[in-house]
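User: Hey, got a minute to go through a model with me? Put it up and I'll start asking.
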Amino acid sequence: MNSDAQNAPEVYLAVDEIPLAQPFSILVSVCDETAVRQLHVDAIMPAHRHGMNYTPKVTALGGGAFRVDDMLFHMPGLWELQIDVDINGQSIFYSSEIALK
């Protein structure tokens, strides 16, 4: 994932396959020695100016790992996955583009 923040920790995603109009889960790993307090996940379609129809559920797994359930991309096209990570009270924004056919 990409961040514009200087010295932002690396964030990695793991997902098997992203189905169209069906719920899926992702694993998010934040590589930082400091404890990550919160993680917020969303996705938007910039061309259509809307996001997902559902709010994903984030579960902390410990050690900077999180499971995100109930992700759902309801239509094909270019999606932007957005993650806000709270590290020591500082919010760091990450994004990644996903093209769904």
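User: Which residues touch the most other members in the largest nonpolar core?
Analyst: Val28, Val30, Leu39, Met71, Phe73 and Val85, out of 25 residues in that core. A nonpolar core here is a set of buried Ala, Val, Leu, Ile, Met, Phe, Trp, Tyr and Cys residues joined through side-chain atoms within 4.5 Å. Buried means under 20% relative accessible area, exposed over 50%, and partly exposed in between, with a 1.4 Å probe and protein chains only.

User: Before we go on, what should I know about the model and the numbering?
Analyst: It's a predicted model, where local features need pLDDT of at least 70 and side-chain atom pairs count only at pLDDT 80 or more, while totals for chains, interfaces and linings use all residues. Residues are numbered from 1 along each chain as its sequence is written, and side-chain values use heavy atoms, with hydrogens and water left out.

User: OK. Which strands each supply at least two residues of that core?
Analyst: β2 (24–31), β3, β6, β7 and β8. Strands are DSSP E runs of at least two residues, numbered from the N terminus.

User: What does methionine 71 touch, leaving aside neighbours within four places in sequence?
Analyst: Gln22, Pro23, Phe24, Val41, Met52, Pro56 and Leu81. Contact means heavy atoms within 4.5 Å.

User: Switching to sheets. What's the strand order in the open one?
Analyst: β4-β3-β7-β8, with antiparallel pairing. β4 (50–51) and β8 (90–100) are at the edges with a single partner strand each, so one side of each has no neighbour in the sheet. Two strands pair if DSSP finds at least two bridges between them.

User: How many bridges join β7 to β3, and how many to β8?
Analyst: Eight bridges link β7 to β3 (residues 36–45), and eleven link β7 to β8. On the β3 side, isoleucine 44 stands opposite glutamate 80 and aspartate 42 stands opposite glutamine 82. On the β8 side, isoleucine 83 has tyrosine 94 as its bridge partner.

User: And the turn between β7 and β8, which residue has a positive phi there?
Analyst: Asparagine 88, near 55°, in a hairpin with two residues between the strands.

User: Back to glutamate 80. Is its side chain's surroundings charged or just polar? What is the nearest side chain of opposite charge?
Analyst: Arginine 49, 12 Å away, and glutamate 80 is buried without a salt bridge. A salt bridge needs a side-chain nitrogen of Lys or Arg within 4 Å of a carboxyl oxygen of Asp or Glu; for charge, Lys and Arg count as positive and Asp and Glu as negative, with His and the chain ends not counted. The side chain of glutamate 80 does make a polar contact with that of glutamine 82 at 2.8 Å. Polar contact means a pair of N or O atoms within 3.5 Å; within protein, one must be able to donate a hydrogen and the other to accept it, and residues adjacent in sequence count only if both atoms are side-chain atoms.

User: How many salt bridges are there, then?
Analyst: One. Arginine 67 pairs with aspartate 69, with the closest N and O atoms 2.8 Å apart. Arginine 67 is partly exposed at 36% relative accessible area, whereas aspartate 69 counts as buried at 16%.

User: Last one: is β5 mostly covered or in the open?
Analyst: Of the six residues of β5 (residues 57–62), zero are buried, so the strand lies largely in the open. Five bridges join β5 to the antiparallel β6 (residues 65–71), with threonine 59 opposite arginine 67.

Terms used. Helix = DSSP H or I, 4+ residues; strand = E, 2+ residues; numbered from the N terminus.
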